[in-house]
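Me: Got a minute to go through a fold with me? I'd like to start with the sheet and work outwards.

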Amino acid sequence: MDQAINLRNMMRKKQSFSNKSSSKVITVTSGKGGVGKSNVSVNLAINFKKMGKRVVIFDADFGLANIEVIFGIIPKYNLFDLIYNGMSIEEVLTSGPLGIEFISGGSGVQELINLSKDQLNFLNEKLLELDHLADIIIIDTGAGISDSVLDFIVSSNEVILVTTPEPTSITDAYAVLKALKNRKREEYKSTDINLLVNRVSSESEGLEIYNKLNKVTNKFLGIGLNNIGFLPQDGYLTKAVIQQKPVSILYPRSKVAKAFEVVAGNLLNHSTYKAKQDVGLRSVFNNLMKFKKNK
């Protein structure tokens with residue numbers, strides 16, 4: 001009898017899930033560390049929430065998670081507990097400001113890249129539940145061109161590549177795209193790459209960097225970039241980070257907070273995303289599994 005009840009509950013749950021549209025998944029990444037990637041994830045989440053969206057951040061910077069630091073919250077559980085300690089997706093979610101929820105990458109979960117097929121299937125099914133708990137899921141990856149970072153990029157329909165005006169940051173952003181080019185074309189052909197230039201002194205500086213990088217990547221890699229806006233250098237962001245509060249909450253009238261509003265609006269109105277059919281977290285993790293099988 002218990003098994004029959006469990007089966008009916010499972011079928012109702014699946015039916016409920018199937019009636020909801022897939023969430024919008026945005027992967028935030030960078031070639032170089034320290035360019036403000038996690039601040040981008042957090043403050044975009046704040047602005048999406050203000051727009052009435054349910055938002056979950058998945059901190060995929062395994063072992064070096066920063067989302068909790070910016071929120072000023074110590075999570076009780078993290079991804080490790082989901083994979084190895086049998087906890088549910090709801091149990092490992094941590095509530096942040098404005099009701100934004102996140103899953104901490106914590107420490108000691110580097111084993112993710114070496115998961116067996118059965119473990120990967122398990123994680124896939126668990127994380128897919130996020131698809132039905134949020135309208136927007138932000139995946140905050142680590143920096144660089146490791147296989148795990150590239151897997152998230154090519155598996156996502158929408159990517160934000162964060163850079164700053166520093167030459168090393170721009171060079172590393174190009175390196176990410178070059179590494180992407182080395183993947184099979186069919187792996188990344190449906191991925192939109194949005195460039196976000198952080199810490200610009202003026203909008204013209206941001207536009208100049210976008211135009212140059214977009215021209216080079218089109219010419220040498222055959223990869224076009226979308227311009228979704230710029231984030232100004234603003235001391236209020238540093239003050240907010242020190243106080244472990246998102247700048248969009250602590251200093252909502254600051255220049256950088258206003259710029260985050262513009263970028264969030266641009267992302268929600270991104271027309272190319274709406275045209276895609278195979279979206280949502282299911283698509284992302286199905287692709288991740290496919291790539292791992294081929295390695």
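Reply: Sure, we can take the sheet, the helices on it, the cores and two single residues in turn. Keep in mind that this is a predicted model.

Me: What's the strand order in the sheet?

Reply: The order is 3-4-2-5-1-6-7-8. The sheet is open, has 8 strands and shows mixed pairing.

Me: And which strands sit at the edges?

Reply: Strand 3 (93-95) and strand 8. Each of them pairs on one side only.

Me: How far are neighbouring strands turned against each other?

Reply: By 25° on average, ignoring direction.

Me: Take strand 2 and strand 5. Parallel or antiparallel?

Reply: Parallel. Strand 2 covers residues 55-60, strand 5 covers 136-143, and the pairing runs over 6 bridges.

Me: Which residue of strand 5 is the bridge partner of Val 56?

Reply: Ile 137.

Me: What does helix 2 touch on the sheet?

Reply: Helix 2 (residues 37-50) packs on the sheet and touches strand 1 (24-30), strand 2, strand 5, strand 6 (158-163), strand 7 (192-200) and strand 8. Its direction makes about 175° with that of strand 5.

Me: What about helix 7?

Reply: Helix 7 (residues 147-155) also packs on the sheet. It touches strands 1, 2, 5, 6 and 7, and its direction makes about 150° with that of strand 5.

Me: On to helix pairs. At what angle do helix 2 and helix 13 cross?

Reply: Roughly 75°, with the axes coming within 9 Å. Helix 13 is residues 255-268. That makes the two helices roughly perpendicular, because angles of 65 to 115 degrees count as such.

Me: Which residues meet there?

Reply: From helix 2, Asn 39, Val 40, Asn 43, Leu 44, Asn 47 and Phe 48. From helix 13, Phe 260, Glu 261, Val 263, Ala 264, Leu 267 and Leu 268. By class, the contact has 8 nonpolar, 3 polar and 1 charged residues.

Me: Asn 39 in that list: buried or exposed?

Reply: Buried, with a relative accessible area of 13%. The cut-off for buried is under 20%.

Me: What is Asn 39 in contact with, sequence neighbours aside?

Reply: Leaving out residues within four places, Asn 39 contacts Ile 70, Leu 237, Val 241 and Phe 260.

Me: Back to the other helix. How do helix 7 and helix 8 cross?

Reply: At roughly 75°, with axes coming within 11 Å; helix 8 is residues 167-181. They are therefore roughly perpendicular to each other. Leu 150, Ile 153 and Val 154 of helix 7 meet Val 176, Ala 179 and Leu 180 of helix 8. The contact divides into 6 nonpolar, no polar and no charged residues.

Me: Now the cores. How many residues are in the largest nonpolar one?

Reply: 32. Leu 44, Phe 48, Ile 57, Ile 138 and Ile 160 have the most contacts inside that core. A second, separate core has 22 residues, including Leu 161, Ala 173, Leu 180 and Leu 221.

Me: Last one, Phe 230. Where is it?

Reply: In strand 8 (residues 226-232). Phe 230 counts as buried because its relative accessibility is 13%.

Me: What does Phe 230 contact beyond its sequence neighbours?

Reply: With residues within four places left out, its contacts are Leu 196, Val 197, Val 200, Glu 203, Gly 206, Leu 207, Tyr 210 and Ala 259. The C-alpha atoms of Phe 230 and Arg 199 are separated by 8.0 Å, and the two residues are 31 apart along the chain.

Definitions and conventions:
Residues are numbered from 1 along each chain as its sequence is written. This is a predicted model: local features need pLDDT of at least 70, side-chain atom pairs count only at pLDDT 80 or more; totals for chains, interfaces and linings use all residues. Side-chain values use heavy atoms; hydrogens and water are left out. Helices (H or I, at least four residues) and strands (E, at least two) are DSSP runs, numbered from the N terminus. Buried means under 20% relative accessible area, exposed over 50%, partly exposed in between (1.4 Å probe, protein chains only). Contact means heavy atoms within 4.5 Å. Two strands pair if DSSP finds at least two bridges between them. Axes are lines fitted to C-alpha atoms, for helices over the stretch in contact, and angles run from 0 to 180 degrees between N-to-C directions. Angles under 35 degrees count as roughly parallel, over 145 as roughly antiparallel, 65 to 115 as roughly perpendicular and the rest as oblique. Ala, Val, Leu, Ile, Met, Phe, Trp, Tyr, Cys and Pro count as nonpolar, Asp, Glu, Lys and Arg as charged, and the others, Gly among them, as polar. A nonpolar core is a set of buried Ala, Val, Leu, Ile, Met, Phe, Trp, Tyr and Cys residues joined through side-chain atoms within 4.5 Å.
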